[in-house]
Every structure is written in C-alpha cells, then in structure tokens.
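Biologist: I'd like a close look at one part of this protein, and then a walk through whatever else you can show me. Here is what I have on screen.

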Amino acid sequence: MQAVDVVWVRHDLRLTDNPALTACKERPLVLIFTADGIDLESIGAASRVYLHHALTSFQNDLRKVYGARLLIFSTLDEALETIQRTVRVDQVLWNRAYDPTRFERDSAWEDRLKAQGMRPIVCRGSVLVEPWEIKNKSGKPFKVFTPFYKTFLARGAPLEPVARPRQLKTFEHPKLHEGQVESLHLLPPKPRWDLPMMSSWITSESEWWQAWKSFRQRRLLQYPQARDVPSETGTSRISAALHFGQISPRSLWADARKHPDAGTESFLRQVVWREFAISSLFYQPTMDRVPIIQPFEKFPWADEPEHLLAWQRGRTGYPIVDAGMRELWQTGWMHNRVRLIVGSFLVKNLHINWVEGWNFFWDTLVDADRANNSMGWQWVAGCGIDPSPYFRIFNPMVQSERFDPDGTYIKRWIPELERIPKRWIHSPWKAPPATRRLAADYPDPVVDFAESRQQALMFYDKIKRIKAAAHR
C-alpha cells in the first residue's frame, strides 16, 4: 500500500515559515485540520468566529497556490482512521503547542502514534525560542521580563524563517473529502456582535502581510509614542495573526530587522513579551486561574453581579472604560493601553476577581491567547509574574486626559457623549446640569473612584503584610 505523510494543521494557518509543511519531502502529503487539535470546545466565541473565516481563507490559499485540499475532521483519531482506509500513514507532522494542557496531550499523541507504527515529527513553528531554551543562571525560568529580554537578545538572532514551498505533492483520492468549515459549527446561531465590524477583520496570510508592511512603512517610526493613543492606528493589531499563525514570529522578526527604524526595537520588545508570556504559562500551568503570588487567594473579592455587568456592557459611567468595553464588544479587539485601564478598573475599583475579566476577554477577544491573557490580567491585578505594583491603580480620568485629550476615542464608541464639550468629556458627571442633560442616557459612575481606590489600597496592604509574614 502506498505511504503518505499527514500534516496536522492547527494554529499555523500559513504557507510561509510553516516547518511542519516543509519538513517532509519524500512522500505525498495529506493535510488535515481537526477540532481537537486546537481544543476547539474551550476557545471563546469571538475567536471561533475569526477561526471560521481564517480556516476558509487557508483552504482557499491551498487550492489557489498548490491545488491542494485541507481535510477537516472532528478528531485526529477519526482523521487517521479515515485516511488509512485508503493509504498507509508513515509520518504525522505538526507544529508544537506550548499551552501546558496541549503540550501534554501532544506528548501522549507522540507515544500513541509510535505504538501504532507511525512516526511523529513535531516542529517549532509558533515561537522564537522554546520555553526551555531561556533559563537564569540557576537553570530556572525567569520571573521578571527584563532579564528574560536581555538573555533573549544575548542569544543572537532567532532562526531564519523557512521559505514557502515551491510545490506541494499531495495525495488525492475520491474517498477523502475536503470537508466544510461549516461542519465545525464555529459561528454562533444568533449573532452577538455588530457583524459588519467583526467581518472587517482580515483573515488571510496575504492580507496580513499587506497590513504588516503598510504598518511598517507608515507607522512603525512613530510606534513608541503612537502605541498609547487609542484614537490612532498606532499599533499593528497583528496579535490575531500571530495567535492563529497567519504570520509566524520568525517571519515578523526577520522582516522588521531588514527595515530598522526608530520604532523597531520598541515593537520587537513587545514580540518578546509574547515569548515571555508563553514561557511563563508553560512553567505555571494554572496561571489562567490561580494567582502566582499565593496570598492573593485570600483577597476579599466583591460579589457584585450588577457591577460586573455594567463593566461588560460599557455602562460604568467612566468614559474611557466604557469606550474600551464597547470597542471590544463590537469589534472583538481593544487597544492595549485601554486593556490596562479597564482591567485595573475591574480589579482595583470594582474589586471583582481578575478571573472574571479573564473569562470575559477570553470569550470576546479575537486575539484571545491563553498565555497573553493570563499574563496581562495577573500583571494588572498585581498577583503574577513580574506584576504591576499593587499601589498602581490607573485613574481613568487622568488616563483619558493624557491619551485621549479631545475625547476622540471616547466619542467614537459612546454616541451618548457626542454633544459633551471637551472640558467635561472625561468626567461628565461633574458637568453643570444643563450640560449633563446633553448625555441623559449615559449613566453616573457605579462607584466613587477615590473611595474605591482607597479601599483597594487597604485590601492590597493586607495582602502585602500576609506575604511578608509568610517569608519570615
């Protein structure tokens, strides 16, 4: 019986720098995607919508460039069983996952495939460095970003990206059906988002490269300053492409290095933050649920469902917070500076457990990534690896005055405030009654900022003392 190699596609929906796709050259290929390959049941609703379109784009790219098909199955077991009715599978190739659960599952798959007479080949395709490649002098993983970053740079340039294959020799048989993306049921039965906004996301490898090159040529120079201004296109928004693998970090790194300017180092530093988050989750598997600093498990979180709902729906009465939450709900994305502001407000002003924020972001972010999401929330809450100081509480009024002085971003997402003058746009509840009536539909603050801040400092000071006592 003829032998083939199976390429198991997961978070690597690209043709360029896809090691699993280029690692085998002797036998014909069968390309597959399976729901259990990315743990489909666990990902959030916004990511599922994005994945539907990204998979469709990848299927179209394979047909257009190589005349190849991507077969879709529910499980890897089902895929291999179906393929082996027609042809013998010699090797199964895929790019390694670093989420602890999936990493362990992949290791189990390697053992099972070997026992069944197939050879597993697992490649590095989604990181610049693997978690075990960067350690401190004691041989342990870093817990602070700066030394991680310096050690990363000291290693020299990452591996060069692998070129797109000139051709793919694929195995074709009438009994092997391509399968429809619709069979994965990724789209919600009832739309939850403003679909024109959601469908505006680009989802193909070629489109993402065009977007990146446009950003590099026009915006990267101003990146260190513009990245904090939510009303401007100051960030690349390429996080979704990195997460789903339409662009690899190696390709991004190599292209940025070829065209250096004043913003290159600042941008690539953020790419290394992604590596640090992946490494941190690898060594702290419960980082998405359990605070790294253990005394925080005793934090007296508030049980305020109405406050949580106000935060989720952008109805807290604090304009910069509400603008960010509405941007998230309508587009599946939120500016990074605003992510920090809304996260701080949830944890340190509403006193709601950061896990609630993690859950909501996981469900509504197109670029929801377990490592980045966990790192971000634990940083804001002050309970994780390399955390924000506990006393750092983002003042939403000061933040919007500094980064959205004219209220451009606020008014884009909160139409109720369109008629509010610049003087009052950051704190409309302080406006004279006549002015306040111009935004009668916009709520008053759900909590007093100064009082909630003081209460948070009291809570955090108590945790600080518990932590100090534990180390005596």
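Which residues in α12 meet which residues in α15?

Modeller: Keep in mind that this is a predicted model. On the α12 side, the residues in contact are Leu308, Trp311 and Gln312. Facing them from α15 are Glu356, Gly357, Phe360 and Phe361. Sorted by class, that contact is made of 4 nonpolar, 2 polar and 1 charged residues. As for the geometry, α12 covers residues 305-312 and α15 covers residues 354-364, and their axes come within 12 Å of each other. They cross at roughly 35 degrees, and the crossing is right-handed.

Now to the open space in the model. The largest pocket holds about 1,200 Å³. It is lined by 38 residues, and those closest to its centre are Arg227, Gln270, Trp273, Asn336 and Asn372. Several helices contribute: α9 (239-244), α11 (264-283), α14 (336-348) and α16 (370-381) each give at least two residues to the lining. If you're wondering about its chemistry, the lining splits into 18 nonpolar, 10 polar and 10 charged residues.

Trp273 is worth a second look. The structure has 35 aromatic pairs. In one that involves Trp273, its ring and that of Phe145 have centres 4.3 Å apart and planes at 10 degrees, so the pair counts as stacked. This pair joins distant parts of the chain, with Phe145 in helix α5 (residues 145-154) and Trp273 in helix α11, 128 residues apart.

Then there is the enclosed space. Rolling a probe the size of a water molecule over the atoms shows where empty space remains. Counting cavities of 30 Å³ or more gives 2.

The largest cavity has a volume of about 50 Å³. Strand β2 (residues 29-34) gives the most to its lining, with 3 residues. The full set around this cavity is Leu29, Val30, Leu31, Ala68, Arg69, Leu71, Thr170, Phe171, Glu172 and Leu176. By class, that lining comes to 7 nonpolar, 1 polar and 2 charged residues.

The second largest cavity, at about 40 Å³, takes us back to α11, which supplies the largest share of the lining, 3 residues. Around this cavity sit Val127, Val129, Glu130, Pro131, Ile134, Phe148, Glu275, Ile278 and Ser279. Here the classes are 6 nonpolar, 1 polar and 2 charged.

If you keep one helix on screen, try α11: it holds Trp273 of the stacked pair, gives at least two residues to the lining of the largest pocket, and lends 3 residues to the second largest cavity.

Terms used:
Residues are numbered from 1 along each chain as its sequence is written. This is a predicted model: local features need pLDDT of at least 70, side-chain atom pairs count only at pLDDT 80 or more; totals for chains, interfaces and linings use all residues. Side-chain values use heavy atoms; hydrogens and water are left out. Axes are lines fitted to C-alpha atoms, for helices over the stretch in contact, and angles run from 0 to 180 degrees between N-to-C directions. Helices (H or I, at least four residues) and strands (E, at least two) are DSSP runs, numbered from the N terminus. A crossing is left-handed if the near helix is turned anticlockwise from the far one by less than a right angle, and right-handed if clockwise. Contact means heavy atoms within 4.5 Å. Ala, Val, Leu, Ile, Met, Phe, Trp, Tyr, Cys and Pro count as nonpolar, Asp, Glu, Lys and Arg as charged, and the others, Gly among them, as polar. On a 1 Å grid over the protein atoms alone, a cavity is a set of points where a 1.4 Å probe fits but cannot get out, and a pocket is an open set with protein on both sides within 12 Å along at least five of seven lines; lining residues have an atom within 4 Å of a point. Grid points are joined across faces, edges and corners, and a volume is the space filled by probe spheres set on the points. Rings of Phe, Tyr and Trp (its six-membered ring) pair if their centres lie within 6.5 Å; planes under 30 degrees apart count as stacked, over 60 as edge-to-face and the rest as tilted.
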